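Visitor: I'd love a close look at a single part of this protein. Could you take your time over it and then show me a little of what surrounds it?

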Amino acid sequence: MNKFFANIKFWYANARPYSIPLTVLSWLVAYIYSYKHNGNLIYGLIAFVGILLVHLSTNLADDYFDYKRLIKDEKYLKSVKDIKCKYLKTGQATIKDLRNVILLLLSISAITGIILFFTSGRYVLIFAAIALCIALCYSALSSRGLGDIAVIIAYGPLMYEGLYYVMTSKFSSEILILSLGCAFMVNTILYAHMLMDFDEDVISEKTTLCTILKTKNNALNMFLLFYIVGYGMLVIMFLKSANFFYLLPLISVFFVKDLYKQMKTYPDMNIIITPLKYPFFNKQNIQNNPNAPFLLRFIYTRNISVYYMLLVCIAIILS
């Protein structure tokens, strides 16, 4: 039994659990909105299990396909600094073990899909098929600079409309608007990582959305565009619903200006200010980390998205 739980802990740690809070918050926004529109709470919780397992399997599948590509690179095999797929590189698990875990997670998520198919309707199959395609193709899409599109679809219309459908058996134009706003905010986190890796990626000829844009200034402007869309969706939601509470998340826009300045000066450490407090964040420990300039900006980006979605949840509850 101890070995069983140790295995769960091992694979959970390798599935990048630090990204789970954004998945939970995205689900929560759609869950609260669907509940406010007479959604079935139990169906929403079943969907959450499927969403979470697909998310974890996507992260592991990314490692699976990346590792199969990276083991052909002699520099990667000799590098002791490259921690990508470290648990595979060090022999803690085999590529076959990883494949089996991915299939197990997808199989369990498929069971939740089958349950929801019978409770909610045939469109569940379409949502499940799209989710499976993104999970298995994300690594390939990411290597072609299309990872942002996959994230926006998965964290936006797919999750929000999918959850709203399984809870209400209907679709909604308003949940679509909310989904796009939240998805673009979630994607800023992925994009911030690429933005700070811009120079290294150019040198290594790695294809990302940032490098496709050719210059760092263009990449910075795209960063702002993601925020403009994210906050713009709130304005559209306000105009559509005439509900002033949807303007509440605009409070977080003041942090974006400061974040933009920090991104322009990366990796300068002098002007770092982390906004508000967030669980599991210890600024002092990070400041002593050699990667502090990267980590603090990354956390800053994450915090803005977290508070954006928390304020959206409050807006929905008060509406």
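Visitor: Which helices do the buried residues of α2 pack against?

Guide: Happy to walk you through it, and please keep in mind that this is a predicted model. The buried residues of α2 pack against α1 (2–14), α3 (41–70), α8 (147–168), α9 (173–196), α12 (216–241) and α15 (292–318).

Let's begin with the helix itself. α2 runs over residues 20–36, which makes 17 residues. From first C-alpha to last, α2 reaches 24 Å, close to the 24 Å expected at 1.5 Å a residue. The helix is mostly covered, with twelve of its 17 residues buried. Those buried positions start with Ile-20, Leu-22, Thr-23 and Leu-25. Ser-26, Trp-27, Val-29 and Ala-30 are also on the buried list, as are Tyr-31, Ile-32, Tyr-33 and Ser-34. If you trace the backbone just past the end of α2, you come to Asn-38, which takes a positive phi of about 65°.

Two of the partners of α2, namely α1 and α3, turn up again around a pocket. Together with α6 (95–120), α1 and α3 each supply at least two residues to the lining of the second largest pocket. That pocket holds about 410 Å³ of space. Its lining counts 18 residues, and Asn-7, Ile-8, Trp-11, Val-101 and Leu-104 lie nearest the centre. By class, the lining has 14 nonpolar, three polar and one charged residues.

Now for the aromatic rings, where the count comes to 22 aromatic pairs. One of them joins Phe-117 and Phe-118 edge-to-face, at 5.1 Å centre to centre and 70° between the planes. Phe-117 counts as partly exposed because its relative accessibility is 27%, whereas Phe-118 is exposed, with a relative accessible area of 66%.

Another pair involves two more partners of α2, α9 and α12. Tyr-191 and Phe-226 also meet edge-to-face, 5.0 Å centre to centre with 75° between the planes. This pair links distant parts of the chain, since Tyr-191 sits in helix α9 and Phe-226 in helix α12, 35 residues apart. Tyr-191 is buried because its relative accessible area is 0%, under the 20% cut-off. Phe-226 is buried too, with a relative accessible area of 5%. Both rings belong to one aromatic cluster, whose other members are Phe-184, Phe-223, Tyr-227, Tyr-231 and Tyr-308.

Definitions and conventions:
Residues are numbered from 1 along each chain as its sequence is written. This is a predicted model: local features need pLDDT of at least 70, side-chain atom pairs count only at pLDDT 80 or more; totals for chains, interfaces and linings use all residues. Side-chain values use heavy atoms; hydrogens and water are left out. Helices (H or I, at least four residues) and strands (E, at least two) are DSSP runs, numbered from the N terminus. The expected span of a helix is 1.5 Å times one less than its number of residues. Buried means under 20% relative accessible area, exposed over 50%, partly exposed in between (1.4 Å probe, protein chains only). Contact means heavy atoms within 4.5 Å. On a 1 Å grid over the protein atoms alone, a cavity is a set of points where a 1.4 Å probe fits but cannot get out, and a pocket is an open set with protein on both sides within 12 Å along at least five of seven lines; lining residues have an atom within 4 Å of a point. Grid points are joined across faces, edges and corners, and a volume is the space filled by probe spheres set on the points. Ala, Val, Leu, Ile, Met, Phe, Trp, Tyr, Cys and Pro count as nonpolar, Asp, Glu, Lys and Arg as charged, and the others, Gly among them, as polar. Rings of Phe, Tyr and Trp (its six-membered ring) pair if their centres lie within 6.5 Å; planes under 30 degrees apart count as stacked, over 60 as edge-to-face and the rest as tilted.
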